[in-house]
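Work through the exercises below with the sequence and the structure open beside you. Try each task before you read its solution.

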Amino acid sequence: MAVACASVFFDSCSTGEDTDEVSFYFPQYEAADFAGGDFPCLTGWNVVSVCGDERVHKTVPAQEKAVSFVLEKNSPCAVLAFPVILCADREIEFFKPAGCIYPEQRSLSFLHGFSASVLDEFYSHAVLSSTSSEKAVSYARRFNWEKFISVIEQKNDFPSPELLYNPWLLEKSTVLEGIAAGSFSATYLGMKNVRAVSEAEIRTAIEKKSLILEKNFNVPSGADFALFSKYFPFNITGNEKSFTVKYGVQEEFLCVFSGIQTVRAFISVSKDGKITLALNSIPI
């Protein structure tokens, strides 16, 4: 069965090499639901294209709609766009990247930032293992990235009402090992040991003092705050944000205290449902 499933993701092909200038369109950044003053302001994108051992970096201002790269036709290329946000008067990267895989895609999305990062790391491992760029690209051509993308989209389209599909919670090392070994199957893309955590639950945890505060950090009494996960999409249920987290794994968030400061927050959930929130004492 594993062999049969894996065969869907691999085929044999050979293509002539040529180049093409390709424009990749950025995703919508600011969700209408969170257009208030607390939403981190986008100042630009740090973009990288990766094919074999070739990496090309570009910095693009926020008002631009697309970015262009000259790429080899029919050679799998990862394009990743990291949002640059303004936080406490500093420009930082915080969110996971948007991305896509060329030639299957030409629009960047936050959902496929994970897909692009898998191909990026595949090429990086090839470089570290002294595999030639030509051999790495040739192997990547044999993998069915279109099917990979399709399965990710199917998982994303049919989540439970309360649970947002977050591909960054997958075991990326297992995904990469399956691709390298030629044994990859769609089962690698299913989330395990996860649950949704609502902002209301986190507020309750704060009220019950079920949180860890670093020395010299105090939550101002009655302070309002907004949380933003590193994975940009938020699950909206009844006008409330919720996030998908993995049991026992500390997830990083941006915690914005209205009019006061912005800090990093680390949230973990135990199997018995206890939420632990750690707030970094150093403002971002």
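## Exercise 1: A residue in a loop

Ser130 sits in the loop between H2 and H3, and the model in which you will look for Ser130 is a predicted one.

**Task.** Find out what the sign of phi is in Ser130, and decide whether Ser130 is buried, partly exposed or exposed.

**Solution.** Begin with the backbone: phi of Ser130 is near 65 degrees, which is a positive value in a residue other than glycine. Next, consider the surroundings, where Ser130 comes after H2 in the chain. Finally, take the relative accessibility of Ser130, which is 66%; since exposed means over 50%, Ser130 counts as exposed.

**Task.** Carry out the same steps for Asn193, asking what its phi is and how its relative accessible area should be classed.

**Solution.** Asn193 is not a glycine, yet its phi is positive, at about 55 degrees. The loop that holds Asn193 runs between helix H5 (172–181) and strand E8 (194–198). The relative accessible area of Asn193 is 47%, and because partly exposed covers the range between under 20% and over 50%, Asn193 is partly exposed.

## Exercise 2: The helices H2 and H3

**Task.** Check whether the span of H2 agrees or disagrees with the value expected at 1.5 Å a residue.

**Solution.** H2 has 16 residues, which should span 22 Å at 1.5 Å a residue. The C-alpha atoms at the two ends of H2 are 22 Å apart, so the expected value and the model agree. Among the buried residues of H2 are Phe114, Val118, Leu119, Phe122, Tyr123 and Ala126.

**Task.** Determine which residues of H3 are buried, and then where they lie around the helix axis.

**Solution.** First list the buried residues of helix H3 (residues 133–142), which are Ser133, Ala136, Val137, Ala140 and Arg141. When H3 is viewed down its axis, these buried residues fall within an arc of 140 degrees, and therefore they line one face of the helix. A general rule helps here: an α-helix has 3.6 residues a turn, so residues three or four places apart point the same way. Now turn to the face of H3 that looks away from the buried side, where the exposed residues Glu134 and Lys135 are found. As a last step, ask what the buried residues of H3 pack against: these are strand E2 (41–51), strand E4 (66–72), helix H2 (113–128) and helix H4 (145–157).

## Exercise 3: Two nonpolar cores

**Task.** Name the residues of the largest nonpolar core that touch the most other members, and list what Tyr123 touches beyond its neighbours up to four places away in sequence.

**Solution.** The largest nonpolar core has 63 residues, and those touching the most other members are Phe24, Val47, Tyr123, Trp145, Phe148 and Leu189. With residues up to four places away in sequence left out, Tyr123 touches Val50, Cys51, Gly52, Pro76, Ala136, Val137 and Ala140. A second core, separate from this one, has 17 residues, including Ile202, Phe243, Phe253 and Ala265.

**Task.** Describe where Ala265 lies, whether it is buried or exposed, and which residues it contacts.

**Solution.** Ala265 belongs to strand E14 (residues 261–269). Its relative accessible area is 0%, and because buried means under 20%, Ala265 is buried. Apart from neighbours within four places in sequence, Ala265 is in contact with Leu227, Glu251, Glu252, Phe253, Cys255, Leu277, Ala278 and Leu279. Ala265 also illustrates how sequence and space can be set side by side, for Ala265 and Asn280 are 15 residues apart in sequence, while their C-alpha atoms are 6.1 Å apart in space.

## Exercise 4: A peptide bond and the whole chain

**Task.** Work out which residues are joined by a cis peptide bond, and where Pro103 lies.

**Solution.** The cis peptide bond joins Tyr102 and Pro103, with omega about 10 degrees. Pro103 is part of the loop between strand E7 (98–102) and H2.

**Task.** State how many helices and strands the protein chain has, and what share of its residues counts as buried.

**Solution.** The protein chain contains 6 helices and 15 strands. Of its 284 residues, 46% count as buried. Among the contacts with a separation of 6 or more, 67% are between residues 24 or more positions apart.

Note on methods: Residues numbered from 1 in each chain as written. Predicted model: local features only at pLDDT ≥ 70, side-chain atom pairs only at ≥ 80, totals over all residues. Heavy atoms only, no water. Core = buried A, V, L, I, M, F, W, Y, C linked by side-chain atoms within 4.5 Å. Buried < 20%, exposed > 50% of the residue type's maximum accessible area, 1.4 Å probe, protein only. Contact = heavy atoms within 4.5 Å. Helix = DSSP H or I, 4+ residues; strand = E, 2+ residues; numbered from the N terminus. Arc of directions from axis to C-beta. Expected span 1.5 Å × (residues − 1).
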